[in-house]
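Colleague: I should like to learn how to read the computed features of a structure, beginning with its internal space. Please give the general idea each time, and then the case at hand.

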Amino acid sequence: MPYRSLDKHLFRRETVLTWDVRYKIALGLASALSYLHEAGEQCVLHRDIKSSNVMLDTYFNAKLGDFGLARLVDHGKRSETTKVAGTRGYLAPECYITGKFSKESDIYGFGIVALEIACGRKPVETDKVDLVDWVRDLYGCGKITEAADEILKLEFNELEMEHLLVVGLWCSHPDSKLRPSATQVISVLKFESPLPNLPLELPTPVYQVPAAPPVPNLSSSAGLNNSSLTGR
């Protein structure tokens with residue numbers, strides 16, 4: 001990809017991306033997720049959605065890369081793992097606790113990238129408020145477009161900026177059940193569906209920790225004795 005990854009332009013300023021290009025990149029990434037999640041006989045979970053994995057071609061079209069952590073699962077199922085995979089700042093909160101990945105956890109990563117595109121800020125920065133919390137506070141004050149990247153110098157479509165920021169918050173909702181699908185994201189970004197009304201104060205979700213597997217009973221009641229355990 002001649003223009004390499006999105007993060008190099010957002011944070012290293014290799015190219016100052018215009019608003020039209022940024023919005024196109026957000027739509028392109030949402031389309032990629034819609035294809036992975038919904039187009040095939042099985043769902044492809046990427047499990048590492050972040051700006052450094054969004055590659056840009058000659059025309060700044062977004063291409064999702066790095067499928068090293070990807071998993072195929074049946075639709076409606078989740079990928080379970082004993083090891084947390086992904087990148088801090090983009091990883092959905094339930095993944096840390098349950099070890100389960102889903103379309104909704106991919107959508108969470110998209111939400112963070114959407115906020116990065118709009119704000120030009122990383123999800124976690126030293127001595128700065130968490131990106132999601134900062135944008136949510138502005139949303140609660142009715143000033144969400146003030147989160148726009150200063151380097152744009154107010155040269156952006158205000159309605160599109162509002163849509164991308166609200167979609168970013170929607171996708172990064174701490175409760176996975178309240179996040180949209182990639183298709184819903186595209187519909188809102190294309191102004192085919194209205195913006196959601198997000199709560200000003202988010203409830204704290206409760207995650208169910210998976211039960212530990214039962215320990216096999218190796219007593220005589222299971223029909224085992226010392227000779228069977230030693231292989232004789």
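Colleague: How many cavities of 30 Å³ or more does the structure hold?

Modeller: A cavity is a set of points, on a 1 Å grid over the protein atoms alone, where a 1.4 Å probe fits but cannot get out. Grid points are joined across faces, edges and corners, and the volume is the space filled by probe spheres set on the points. The structure holds two cavities of 30 Å³ or more. This is a predicted model, in which local features need pLDDT of at least 70 and side-chain atom pairs count only at pLDDT 80 or more, whereas totals for chains, interfaces and linings use all residues. Residues are numbered from 1 along each chain as its sequence is written, and side-chain values use heavy atoms, with hydrogens and water left out.

Colleague: Which residues line the largest cavity?

Modeller: Lining residues have an atom within 4 Å of a point. The largest cavity encloses about 70 Å³, and its lining consists of Arg-47, Asp-48, Ile-49, Gly-86, Thr-87, Tyr-90, Leu-91, Ala-92, Phe-101, Ser-105, Asp-106 and Gly-109. Helix α4 (residues 103-119) supplies the largest share of that lining, three residues. For the chemical character, Ala, Val, Leu, Ile, Met, Phe, Trp, Tyr, Cys and Pro count as nonpolar, Asp, Glu, Lys and Arg as charged, and the others, Gly among them, as polar. By that division, five lining residues of the largest cavity are nonpolar, four polar and three charged.

Colleague: What lines the second largest cavity?

Modeller: The second largest cavity has a volume of about 40 Å³. Arg-136, Tyr-139, Leu-169, Leu-198, Pro-199 and Leu-202 form its lining, which divides into five nonpolar residues, no polar residue and one charged residue.

Colleague: How many helices and strands does the protein chain have?

Modeller: Helices (H or I, at least four residues) and strands (E, at least two) are DSSP runs, numbered from the N terminus. The protein chain has eight helices and six strands, in the order α-α-β-β-β-β-β-α-β-α-α-α-α-α from the N terminus on. Of its 232 residues, 47% count as buried; buried means under 20% relative accessible area, exposed over 50%, and partly exposed in between, with a 1.4 Å probe and protein chains only. A contact means heavy atoms within 4.5 Å. Among contacts with a separation of 6 or more in the protein chain, 66% join residues 24 or more positions apart.

Colleague: Which residues of helix α5 are buried?

Modeller: In α5 (residues 131-140), the buried residues are Leu-131, Val-132, Val-135, Arg-136, Leu-138 and Tyr-139. Seen down the axis of α5, they fall within an arc of 160°, so they line one face of the helix. That arc is taken from the directions from the helix axis to the C-beta atoms. The cover over these buried residues includes α4 and α6 (158-171).

Colleague: What is found at the ends of α5?

Modeller: At the N-terminal end, Asp-130 acts as a cap, with a side-chain oxygen 3.1 Å from the backbone nitrogen of Val-132. A polar contact of this kind is a pair of N or O atoms within 3.5 Å; within protein, one must be able to donate a hydrogen and the other to accept it, and residues adjacent in sequence count only if both atoms are side-chain atoms. After α5 comes Gly-142, with a positive phi near 75°.

Colleague: Which residue other than glycine has a positive phi near 75°?

Modeller: Most residues other than glycine have a negative phi. Arg-47 has a positive value near 75°, and its place is in the loop between β1 (43-45) and β2 (54-56). Arg-47 is buried at a relative accessible area of 5%, and its side chain reaches the backbone oxygen of Leu-69 at 2.6 Å. Arg-47 and Ser-105 are 58 residues apart in sequence, yet their C-alpha atoms are 7.4 Å apart; both residues appear in the lining of the largest cavity. Phe-191 also has a positive phi, of about 65°. Phe-191 is in the loop between α7 (182-189) and α8 (226-229) and is partly exposed, with a relative accessible area of 38%.

Colleague: Which residues does Phe-11 contact, apart from its neighbours within four places in sequence?

Modeller: Phe-11, in the loop between α1 and α2 (19-38), is in contact with Ser-51, Glu-116, Gly-120, Arg-121 and Lys-122. The C-alpha atoms of Phe-11 and Lys-122 are separated by 7.8 Å, with their positions 111 residues apart along the chain. Phe-11 is partly exposed, at a relative accessible area of 22%.

Definitions and conventions:
On a 1 Å grid over the protein atoms alone, a cavity is a set of points where a 1.4 Å probe fits but cannot get out, and a pocket is an open set with protein on both sides within 12 Å along at least five of seven lines; lining residues have an atom within 4 Å of a point.
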